[in-house]
Amino acid sequence: MSTHSRTTRLTVPQLVAMKGQQKIVSLTAYSSAFARLLDPFVDFILIGDSTAMVGYGRASTLDMSLEEIIGHTRAVVASTRQACVIADMPFGSYQESPQQAYRNCAQVLARTGCDALKLEGGQALAGTVEFLVQRGIPVMAHIGLMPQYVNAMGGFKAQGLSDSGASLIEQDARAHLDAGAFSLLLEGVAEGVARRISGFSPMPTIGIGASPACDGQVLVTEDLLGLGGSRVPRFVKQYADVGALISQACEAFAHEVRSGQFPEPRHCYGVS
Ligand code: KIV
């Protein structure tokens with residue numbers, strides 16, 4: 001079992017220092033129970049806006065509010081002691097201007113106690129990233145397949161498959177590194193692109209559907225546990241079928257209730 005035994009929470013500089021030393025492990029969480037279970041195994045927990053889809057059953061990540069992200073992030077911070085905690089900034093909360101981005105990012109950091117924020121966007125967002133970083137907000141820049149751009153991209157499609165597409169993503173990466181991003185999240189990009197960016201980037205690259213060439217990997221936890229429903233991306237390996245366990249437990253409970261076997265005395269409150 002690959003746990004770590006940190007006595008304090010991993011910081012952003014410590015995460016950056018892992019590049020070239022140790023692969024970085026990350027999973028998403030948005031509830032207290034999941035965060036507590038993941039904490040000993042991951043370097044950072046991401047409160048992804050994918051919660052809109054896997055947690056709330058919505059069609060895309062566009063419909064995620066700042067208040068929702070703040071609520072979920074508070075639950076994760078309160079239930080963890082070791083992992084660095086990074087929250088996604090929701091669609092519309094940072095794209096308007098560097099000032100709008102700062103106001104909302106500062107609010108998330110201050111009200112949740114998380115360590116850093118993740119923003120989706122290419123070169124056009126680099127000015128905002130620089131503005132935030134210069135004001136003390138650590139930014140992970142999410143490039144490649146950006147779910148908040150689903151309408152512009154015409155669906156959730158792998159990016160950088162053509163030479164020109166690959167070169168655009170590499171330019172996005174360089175722009176964010178120049179702006180001071182502490183890490184690049186590469187989603188749905190070809191292995192060659194991920195390898196080249198990871199090669200020139202002094203900051204860690206975190207991949208999702210972007211090959212093992214990245215410095216670390218993140219997955220949506222529900223997807224690897226068999227709780228992702230019908231929308232699990234093809235590249236995801238399912239490590240357990242927790243969905244089946246939940247069904248079994250619910251079936252057993254329903255059976256006990258309907259057959260008059262519940263509650264057994266030893267499970268009653270106040271009876272040892
Ligand atoms: O929202 C999310 O969970 C993410 C991952 C796909 C990296 O951004």
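What follows is a short exchange about a predicted model of a protein chain with a ligand.

Biologist: What makes the protein chain as compact as a globular protein of its length?

Modeller: Its radius of gyration is 20 Å. The globule rule gives 19 Å for 272 residues. The two values are close, so the chain counts as that compact. The C-alpha trace spans about 65 × 35 × 35 Å along its principal axes.

Biologist: How many helices and strands does the chain have?

Modeller: There are 11 helices and 8 strands.

Biologist: Where does the ligand sit?

Modeller: In the largest pocket. To sit there, more than half of its atoms must lie within 2 Å of the pocket's grid points.

Biologist: Which residues around the ligand come nearest?

Modeller: Gly48, Asp49, Ser50, Asp88 and Lys118, out of 13 around the ligand. That shell holds 5 nonpolar, 4 polar and 4 charged residues.

Biologist: What makes the pair between the ligand and serine 50 a polar contact?

Modeller: The cut-off is 3.5 Å between N or O atoms. A ligand oxygen is 2.5 Å from a side-chain N or O atom of serine 50, so the pair qualifies. For lysine 118 the distance is 2.7 Å. For aspartate 49 it is 3.0 Å. Both pairs also fall within the cut-off.

Biologist: How much of the ligand's accessible area does the protein cover?

Modeller: It covers 95% of the 260 Å² that the ligand has on its own.

Key. Residues are numbered from 1 along each chain as its sequence is written. This is a predicted model: local features need pLDDT of at least 70, side-chain atom pairs count only at pLDDT 80 or more; totals for chains, interfaces and linings use all residues. Side-chain values use heavy atoms; hydrogens and water are left out. A residue is near a molecule or strand if one of its heavy atoms lies within 4 Å of it. A polar contact is a pair of N or O atoms within 3.5 Å; within protein, one must be able to donate a hydrogen and the other to accept it, and residues adjacent in sequence count only if both atoms are side-chain atoms. Accessible areas come from the Shrake-Rupley method with a 1.4 Å probe; for residues, only the protein chains shown count as cover. On a 1 Å grid over the protein atoms alone, a cavity is a set of points where a 1.4 Å probe fits but cannot get out, and a pocket is an open set with protein on both sides within 12 Å along at least five of seven lines; lining residues have an atom within 4 Å of a point. Ala, Val, Leu, Ile, Met, Phe, Trp, Tyr, Cys and Pro count as nonpolar, Asp, Glu, Lys and Arg as charged, and the others, Gly among them, as polar. Helices (H or I, at least four residues) and strands (E, at least two) are DSSP runs, numbered from the N terminus. The radius of gyration is taken over C-alpha atoms; the globule rule is 2.2 Å times the number of residues to the power 0.38.
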